[in-house]
Amino acid sequence: MGDASLEIPPPETVSEKRLDSWKEIAAYLNRDVTTVQRWEKREGMPVHRHLHDKRGSVYASRAELDAWARSRHLPEAQGNGSDDAGLPRTGPLSTAAPDSFVPGSLPTRWKRAFVAAGAVALAIGAGLWLQRTDYFWRNPIGDAKFQIVTDFSGTEQAGAMSRDGHFIAFLSDRDGRMDVWVTQVGSGEYYNLTHGSAPELVNPSLRTLGFSPDGSLVTFWVRKQDASHESHIGIWAVPTLGGEPRPYLDGAAECDWSPDGSRLAYHTPGPGDPLFVSDGSARPGGTPIFTAPAGLHAHFPLWSPDGKFIYFVQGSLPDKLDIWRIPSVGGMPQRITSQSTRIIYPVLLDKRTLAYLATDPDGSGPWLYSVDVEHRIPHRLAPGLDRYTSLAASADGRRLVATLASPKRTLWRLRIADSHTQGTAPYPIPLTTDAGFSPRLGPGYLLYVSATSKGDSLWKLAGETTMELWHGLGTQVAGGPTISSDGRNVAFTVKRQEQTLLFVVQSDGTNAHIVADSLNLRGDPAWSPDGQSIASAVVESGVPHLYRIPVNGGTPTPLVQQYSLDPAWAPDGNYLVFSGPDIGTTFSLEAVTAQSAAHPLPTITLTRGARRMVIMPEGHAIVVMQGMIQHKNLWLIDLNTGSARQLTELPPEFDIGDFDVSPDGREVVLERVEERSDLVLMDRPRD
């Protein structure tokens, strides 16, 4: 009975219902279709086919299947799989007595069980998917009420809020220089607390202002220099209602109190920003619970509401950062975000909702973000072009204060005299583009970068003629461009999402092409004097090292093994100067020969934000920026003796972002950075 019989089907009574498909036959026998088809071929199971239909149109009699099952004496298992399992001990293929089985009853129960199990599995899977995709995420400031706190001329920044949300402290130059100010929310009154007594207060890489747990003191970061120009960093405090500033935490750069006010988390400005936890004071010689790896920083310490964790921002300054957390008793740090951009000012709105500021991969921003610390999916909170530079919150997370900023970058020229007291005042350079930055001087022309919402572009100004040399949609020119010694070619680094590309274009805008597309480039590149290669930092395992990149497409070779950024070649090509890692708020200059051997330099220590340098044509002096983090002047340093001469005397409100020097050393072009900012209050409704 190996083949299905081709005959007219016998009549069936009402009680003997026919099974009209392989699917029905398989369900009746509690097997899958493949198994019952195999039984028909191998075991002679009675299956009939319609004479006028194809082989797939089959039917079977329940009575015949029951009789066939009782007549078979098969082994417990046969074949090579579960589908060939032996006949069941119960059911239509059972060898038990016929009255011990009700045909079709067991499959129905199993079907119901399978349906119920499937529904449960589907519900669990859907729940896990919804959680994993943050389906239930809500914008924490979606229903917040916004109002301007400060609306007067000047700059207001680095806002901090007392735990009860009643007071706001901020930095402002309203009285001519940067000071610590305070206001009570809703009062419309503002008070200068420091009156020029703190020489340097601005540090955009840190949370510079805070409050004591009871709100009676405003704390602020201070950097002072002694007679030997050594920097001393600490945290000072001034009474919120006014009084004399006094030291608060000597040697600490940032701090945050635990929710109950019993423990203090702080870090020092040493290498890796060692993070300590104490009972309320800075303890010399204590053991840190965390220190960032070499070349990295760890800023913005922040306690969790339950006191179990300390959150912080870790990475490479200024724009390779992410948020981490570590148990407050020490342990393994956990990564919360994976954006690898400029991230600043994290605040917790509740035990799971973390708000912070972050730039996009193209460098735009910073924007306001939030993340659930368990799901770890970042969300940008506000669309549009609102750019923020600081963020703080009350202890319950219901009130926030942010700095809403509108930056402006312009280009200026300045003639250099033999003495900075004889120098002329800088004057603006009119541009046909909206903004200009990263200026470079070539033979008879000025090169600069401009940015729009569509991407960055490279422009050339020769006399009164302006022309665009290059533009890229959705790109950012990372670092300043570099001009070859003959002025005919320009090299620059472009960031496109997560990829960095090294471009070269001729100074007339032709022959733009990519020199390197597989390196993780960072900082300013520098043409070699012979024009055959470009020196640039390549990030490997999180640490930048200088490489020599041939312009003809050859294999890049390492120049410097240690941490190294922003190179500058001597005009004769015999040595190269570069900047080392930030230690606290400063870094040192070092040098190597063209053969990568150490080259002697006098001790030169510069302040963060001053990595741009230009070696003068004779090769014996270098022009650098020196001064405070925000306000600097140009200085000329003799590379043989280390003696320095100030070249410019810029007003306090003139902040240099970048510069270049003409080949004769008599003129400089400056990028001026202006931050127009106000404080904004956000009141979140209670759930």
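**Exercise 1. Work out what share of the chain is buried, and describe its overall make-up.**

Solution. Of the 687 residues in the chain, 50% count as buried, where buried means under 20% relative accessible area, exposed means over 50%, and partly exposed lies in between, with a 1.4 Å probe and protein chains only. This is a predicted model, in which local features need pLDDT of at least 70 and side-chain atom pairs count only at pLDDT 80 or more, while totals for chains, interfaces and linings use all residues. Residues are numbered from 1 along each chain as its sequence is written, and side-chain values use heavy atoms, with hydrogens and water left out.

Next, take the secondary structure, which comes to 4 helices and 49 strands; helices (H or I, at least four residues) and strands (E, at least two) are DSSP runs, numbered from the N terminus. Then turn to the surface: the chain exposes about 31,800 Å², and carbon and sulfur atoms supply 53% of that area, as given by the Shrake-Rupley method with a 1.4 Å probe, where for residues only the protein chains shown count as cover. Finally, consider contacts, meaning heavy atoms within 4.5 Å: among those between residues at least 6 apart in sequence, 43% join residues at least 24 apart.

**Exercise 2. Find where R387 lies and what its side chain reaches.**

Solution. Begin with the place of R387, which is strand 24, residues 387-393. Because its relative accessibility is 16%, R387 counts as buried. Its side chain reaches the backbone oxygen of G365 at 2.7 Å. When residues up to four places away in sequence are set aside, R387 touches several others, among them W367, L404 and E675.

**Exercise 3. Describe the aromatic pairs, beginning with the number that a search of the whole structure finds.**

Solution. The search finds 9 aromatic pairs, where rings of Phe, Tyr and Trp (its six-membered ring) pair if their centres lie within 6.5 Å, and planes under 30 degrees apart count as stacked, over 60 as edge-to-face and the rest as tilted. One of them joins F290 and F312, a tilted pair with 4.8 Å from centre to centre and 35° between the planes. This pair links distant parts of the chain, since F290 is in the loop between strand 15 (275-278) and strand 16 (297-303) and F312 is in strand 17 (residues 309-316), 22 residues apart. F290 counts as buried because its relative accessibility is 11%, and F312 is buried too, with a relative accessible area of 2%.

A further tilted pair is formed by W470 and F503, at 5.3 Å centre to centre and with 55° between the planes. W470 lies in strand 30 (residues 465-471) and F503 in strand 34 (residues 499-506), so this pair ties together parts that are 33 residues apart in sequence. Both W470 and F503 are buried, and together with F492 they form one aromatic cluster.

**Exercise 4. Identify which residue lies over the face of F309, and which has its charged end over the ring of F437.**

Solution. R325 lies over the face of F309, at 4.0 Å from the ring centre. For F437, the charged end of R409 sits over the ring, 3.7 Å from its centre. A charge sits over a ring if NZ of Lys or CZ of Arg is within 6 Å of the ring centre and within 35 degrees of the ring normal.

**Exercise 5. Follow strand 5 and strand 48 to the strands that they pair with.**

Solution. In strand 5 (residues 156-161), 6 of the 6 residues are buried, so the strand is largely enclosed by the rest of the structure. Strand 5 pairs with strand 6 (residues 167-172) in the antiparallel sense over 4 bridges, given that two strands pair if DSSP finds at least two bridges between them. Within this pairing M161 stands opposite I168, and in the hairpin, which has 5 residues between the strands, G165 takes a positive phi near 75°.

Strand 48 (residues 655-661) is mostly covered, with 6 of its 7 residues buried, and 6 bridges join it to strand 49 (residues 667-683), the two running antiparallel. Here D658 stands opposite E671, and G665 takes a positive phi near 75° in the hairpin, which has 5 residues between the strands. Strand 49 also holds E667, whose side chain makes a polar contact with the side chain of R413 at 3.4 Å. A polar contact is a pair of N or O atoms within 3.5 Å; within protein, one must be able to donate a hydrogen and the other to accept it, and residues adjacent in sequence count only if both atoms are side-chain atoms.
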